[in-house]
2 protein chains.
Amino acid sequence: MVMKYSNDTILKLFESALAQFQTPEEPELLYSPIIYSMSGGGKRLRPVLLLLTVDAFGGDVEAALPAGMAVEVFHNFTLLHDDIMDNAMMRRGQPSVFAKWGGNVALLSGDTMLIMAYKHLARLESEKLCRVLNIFSDMAIEVCEGQQYDMDFESAEKVTVEDYILMIERKTSALLSGSAMIGATLAGASEDDIRKMYRFATELGLAFQLQDDMLDSYGDEALGKKIGGDILEGKQTYLMVQAMCRASSEEREVLRSTHKNPLLSDVEKIATVKALYDKLDVKRFTEQQIEIRFERALAVLNTLSIAGERTKCLEEFARNLMGRKK
Amino acid sequence: MVMKYSNDTILKLFESALAQFQTPEEPELLYSPIIYSMSGGGKRLRPVLLLLTVDAFGGDVEAALPAGMAVEVFHNFTLLHDDIMDNAMMRRGQPSVFAKWGGNVALLSGDTMLIMAYKHLARLESEKLCRVLNIFSDMAIEVCEGQQYDMDFESAEKVTVEDYILMIERKTSALLSGSAMIGATLAGASEDDIRKMYRFATELGLAFQLQDDMLDSYGDEALGKKIGGDILEGKQTYLMVQAMCRASSEEREVLRSTHKNPLLSDVEKIATVKALYDKLDVKRFTEQQIEIRFERALAVLNTLSIAGERTKCLEEFARNLMGRKK
């Protein structure tokens, strides 16, 4: 028996479920931002991973759609609230809800979305509900913890590489690994396979986040990627924490202070920090780490109890996520 | 068979469950505000009503404690987020989480509390879980809608008495009526009794909110109640919407503008508005309405399928809530 769905058909199936997403009309300032947020595009990575996992383990994909809705609504909820905390005016090339309607609306519409995510979950078959509910809530709390650690790091004296990995395991990986676990659970996978799907998605999430960090400094501007945003914000990234742990104390001072140096232009700030990254060989270390995490993720797939052809779509999902053909 | 618990013993039982409320230690800025919020007192009205209802219908009160925790954690979550939206520095005579840690912390700790509320629900027996989950989420969304309507009213041209009642049905009553419905559901009450408990708590919540509105203008300062806060903020209250619908167009202008008149002291502003309230007989209308709502709530209790002595504690709860001996 082969899988019923490809990555593309799963996405289409989910998009058509999403097209039926409805809210009451009133109060308008509560629900319009929710519609705006949910219809603002995005790659629907988390529901696609969830539904692909259901299919890989021979589960009922259509019956799992409410769980896909729940993780997607939850993801969009985090964007609304993150944009308040980060004062972020743009999201997916459009004004953020925060920019368009203000903090109070983004706050309350976000709260409503979090509750809506649970309403979607409550549509799942009651036999699996309790288990899925717990995976979902644990995942959701990890995402909040990750966001708090991320904010803590802004003013932290020292962030180790281990601290940083623990943070993105929560902030980025948890939602992917939770989605994979929910999918496996709904399909009736064994505890062992559920655990392995958690490992797969965790490692994949780390690889994805480290690559995202790297592209901010070494991405291709020709591809429309603006370079150096993280450097200008003085953000902790994998490159920065790696650089800090390899730098001399003078270099560390430069890394710490360049983004707030009023004598430098933005271009000079980026050039200064990147020159140190180059000197400290940070790019190579990051690339190595991405490779290790990505390979680990793929390796986990081979240890699942299901036949190899059933994991093909998961492998394809992983490659797509990392922007790799093969 | 009589009820096993009184109002006092239910409260004690709940407080001892609450004393076991724990969170992880880290990240500290996420969890300290939650501990601070949950241990900051409060009357625990919603869990007490929930557990009293369980007992009245002969259910297992101890098994319902997680649901009590869920509504109490949810209530405190709303306070954290409301204080951000209202810029409120004080809560229960202490600095609010917003004042003590700032908006971002209050936002993220609040989100975590909302998720924690669902984690408590997931501990309920799986047979009732789906039903309770839906009542809880519907109630939670109504609370958000109520908060949005309340904010809408700040800049609304005209708020009718009906609009105002619909708003407080959501913002104040929904959490009480949801608690009562969850309690009845957990105890296995009939659909008819569940609906009646909804009516009881809705009317009681309205009576309570209208009384709260009235005490802001006509409370006893000797009892430590500061008079006129709502008037100075220019807030929509039952008294204000009643006054607006009875006033001449000149009086309406006075009601609308007094709170922002820079030529008046606070004492003068309060006196000006209260003089109009007196003239328009607003106090009497409000008292009548409180009486009607309160009597309706009590009358519902007599129509429940359970024996009269089983509803005594609910009646006592209602009287306590309104600060009445008899």
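## How the two chains meet

Two residues are in contact if their C-beta atoms, placed from the backbone, lie within 7 Å. With that in hand, look at the pair: 100% of the interface residues of chain B are also interface residues in chain A, so the copies meet through the same surface.

A rotation of 180° with 0.0 Å of shift along its axis lays chain B on chain A, with an RMSD of 0.0 Å (a least-squares fit on the C-alpha atoms of residues with pLDDT of at least 70 in both). The two copies are thus related as by a two-fold rotation axis.

## How far to trust it

This is a predicted model, in which local features need pLDDT of at least 70 and side-chain atom pairs count only at pLDDT 80 or more, while totals for chains, interfaces and linings use all residues. Residues are numbered from 1 along each chain as its sequence is written, and chains are lettered from A and ligands numbered from 1 in the order in which they are written.

Chain A averages a pLDDT (the predictor's confidence in each residue, from 0 to 100) of 95, and 98% of its residues score at least 70. For the complex, the predictor gives an ipTM of 0.96 and a pTM of 0.97.

## Inside chain A

Along its principal axes, the C-alpha atoms of chain A fill a box of roughly 60 × 50 × 35 Å. Now for contacts between residues at least 6 apart in sequence: in chain A, 72% of them join residues at least 24 apart.
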